[in-house]
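Me: I would like a close look at one part of this model. Please take chain A, its helix packing and its contacts with the neighbouring chains.

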Amino acid sequence: MSAEGGHHGPIDPLFNPVIPGTEYHLPIYNFVITSWVIILILTITAILATKNMKRFPKGIQNVWEYAVEGLFGFYGGIMGEERARKYGPFLTTCFLYILLCNYSGLIPGAAMIKGFVPPTNNISITAGMSIMVFLSIFYFGIRAKGIGFFKHFFQPMAFLFILNVIEELVRPVSLSLRLYGNIYGEEMIIGKLAEMVPFLVPLPMMVLGVLTGGIQAFVFTLLASTYIAGATEEHH
Amino acid sequence: MTDDNGYQGYKGLGLIMSAGFTMAASVLFGYFAGSWLDKYFGTKPWLTLIMFILGTAAGLKSLYNLAFPKKEGD
Amino acid sequence: MEEILKSLGFEFGKFAWQVANFLVLLFLLKKFAYKPILNMLDERKKSIEDAINNAETAKNEAEKMRKEYEARLAEAKQDAQDIIAKATKLGEEIKKDIVTTAQNEATKAIQRAQEEITREKAQAIAALRDEVAILAVMAAGKILGKAITAADHEKLVKDFVAEVGDLKC
């Protein structure tokens, strides 16, 4: 098992119930519970923000509107407003989920809570995110351009086919390793420092953690959006 | 169209920060994929070498693509 | 391959959970966040656009009205000018008329007065002539020492007058 398993120490999976009528188990990992909490927080705030929308936004509606408007504007700068509308929901979900996952590792003392494991410091989870991006490139690309999507593997020259395939395959690998490496490394440093000197010293590292968490969520989303932009580009 | 908003700076910053890792991941991917293929076909060390070079080339190409994205309507 | 993944701590169960969780979150946020918020943003954008368009229209309308009023004002000014000119001309004419009429009246009045004077004079002369004749006859009677009958008297006067009448007074 990975080093972080030993560091956080909890039993993983936390629950391992048998699926009724079969002999298979459904392991509920610690991170799954954290992930559900994040999903709940996002969904509940979203419902609260949009349940009773005002023309002049206040409070939580304002926060959500600001986030959506800003992020969609950002995608618009990369792929144009029309495509930002199409692919924005996917990209925004990536960003918000990764951001909250990253920040969940920064809550002091949260590691003591049962079932609380920051999801993004695990390669399986970042790989899950990256595979979603990888598949979405194909899904959006084929949906936008049909079979013509595969033409770009032979561009600009046919003999670059193998390079293009490698490039495409490296994308999810680099996405997941980047996210995992940065968050895991930063959290490990904070953890070790907190073990050695509990007070004050970890504080600047926490600030760094906030920075890293935001930057990595941003970089992941930025790369995903440039990949999707490239896959859905119209050639005439 | 892509220059008319204030996000360009953030975009550039993000791409710069991602560039190093993209390059490293390409090279490593080439190396590991090559050694796996070598083991599968028993052609050690040729495929490792070829894939290593291809991975490096792919990394360079993806950096180029990040720096000069294809423009709409090309 | 497996060793690499294992050494990184990759577990398929977690991977699958993550994919499932992500899809659930994507569905939920699409339903509860993006759709209503984007609709709201569109609505707001549209209402702002409408407001700007309305303002633009109102401005144009006001500008048009202003021009119209200006044109009308200029027209009114021109009209007033015309009216004044016409009135002035009319006044001139009336004045000329009045003056002419007055002059005619005056001429006529003078003429009438002159005629009157002439007639009066003639009358006075006639009256004087009669008086003088009677006095003369009476004086003559006294001198003659005899009364003159009425018939004589009349005859005398008549003769006298006839004689004197030829005189220029």
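Reply: What follows goes through chain A, then its contacts with chains B and C.

The model is predicted.

Start with the fold of chain A. It has seven helices and zero strands. Read from the N terminus, the order is α-α-α-α-α-α-α. Of the 236 residues in chain A, 44% are buried. Take the contacts in chain A between residues at least 6 apart in sequence: 64% of them join residues at least 24 apart.

Now the core. The largest nonpolar core holds 76 residues. Which of them touch the most other members? They are A:Tyr75, A:Cys94, A:Tyr97, A:Ile98 and A:Phe220. The top contributor to this core is helix α4 of chain A, residues 81–104, with twelve residues.

A:Cys94 deserves its own entry. Leave aside residues up to four places away in sequence. A:Cys94 then touches A:Met129, A:Phe220, A:Thr221 and A:Ala224. Two of these names come up elsewhere. A:Phe220 is on the list of core residues that touch the most other members. A:Met129 belongs to α5(A) and takes part in the contact with α6(A).

Next, helix pairs within chain A. Two packed helices are described by the angle between their axes and the distance between the axes.

Take α3(A) and α4(A). Their axes are 8 Å apart, at an angle of about 125°. That angle makes α3(A) oblique to α4(A), because it lies outside the 65 to 115 range for roughly perpendicular and is not over 145. The crossing is right-handed. On the α3(A) side, the contact uses A:Val68, A:Leu71, A:Phe72, A:Tyr75, A:Gly76 and A:Met79. On the α4(A) side, it uses A:Glu81, A:Arg83, A:Ala84, A:Tyr87, A:Gly88, A:Leu91, A:Thr92 and A:Phe95. By class, that is nine nonpolar, three polar and two charged residues. A:Tyr75 is one of the contact residues here, and A:Tyr75 is also among the core residues that touch the most other members.

Then α5(A) and α6(A). The axes of these two come within 8 Å and cross at roughly 145°. This crossing is right-handed. From α5(A), the contact draws on A:Ile123, A:Thr126, A:Ala127, A:Met129, A:Ser130, A:Ile131, A:Val133 and A:Phe134. From α6(A), it draws on A:Arg171, A:Pro172, A:Leu175, A:Ser176, A:Leu179 and A:Tyr180. The classes split into ten nonpolar, three polar and one charged.

Helix α6(A), residues 161–196, also packs across a chain boundary. Its partner is α2(B). The two axes come within 9 Å and cross at roughly 75°. Angles of 65 to 115 degrees count as roughly perpendicular, so α6(A) is roughly perpendicular to α2(B). The residues from α6(A) are A:Ile162, A:Leu163, A:Ile166, A:Glu167 and A:Val170. They meet B:Leu54, B:Gly55, B:Ala57, B:Ala58, B:Lys61 and B:Ser62. This contact has seven nonpolar, two polar and two charged residues.

Step back to the whole A–B contact. It involves 28 residues of chain B and 27 residues of chain A. On the chain B side, α1 (8–41) and α2 (46–67) each give two or more residues. The largest share, twelve residues, comes from α1(B). The chain B side divides into twelve nonpolar, eleven polar and five charged residues.

Chain B itself has two helices and zero strands. Of its 74 residues, 26% are buried. Among its contacts with a separation of 6 or more, 51% are between residues 24 or more positions apart. One backbone detail stands out for inspection. The peptide bond from B:Lys44 to B:Pro45 is cis, with omega near 0°. B:Pro45 sits in the loop between α1 and α2 of chain B.

Finally, chain C. Its contact with chain A takes 34 residues from chain A and 27 residues from chain C. Which helices of chain A supply at least two residues each? They are α2 (30–51), α3 (59–79), α4 and α5 (123–145). The largest share of the chain A side is nine residues, from α2(A). That side has 21 nonpolar, ten polar and three charged residues.

One residue of chain C closes the tour. C:Ser47 lies in helix α2 of chain C, residues 12–144. C:Ser47 counts as exposed because it has 11 C-beta neighbours inside 10 Å. C:Ser47 and C:Val137 are 90 residues apart in sequence, and their C-alpha atoms are 128 Å apart in space.

Technical notes:
Residues numbered from 1 in each chain as written. Chains lettered and ligands numbered in written order. Predicted model: local features only at pLDDT ≥ 70, side-chain atom pairs only at ≥ 80, totals over all residues. Contact = placed C-beta atoms within 7 Å. Helix = DSSP H or I, 4+ residues; strand = E, 2+ residues; numbered from the N terminus. Nonpolar A, V, L, I, M, F, W, Y, C, P; charged D, E, K, R; others polar. Core = buried A, V, L, I, M, F, W, Y, C linked by C-beta atoms within 7 Å. Buried ≥ 20, exposed ≤ 12 C-beta atoms within 10 Å, placed from the backbone. Axes fitted to C-alpha atoms, helices over the stretch in contact; angles between N-to-C directions. Parallel < 35°, antiparallel > 145°, perpendicular 65-115°, else oblique. Left-handed = near helix turned anticlockwise from the far one by under 90°.
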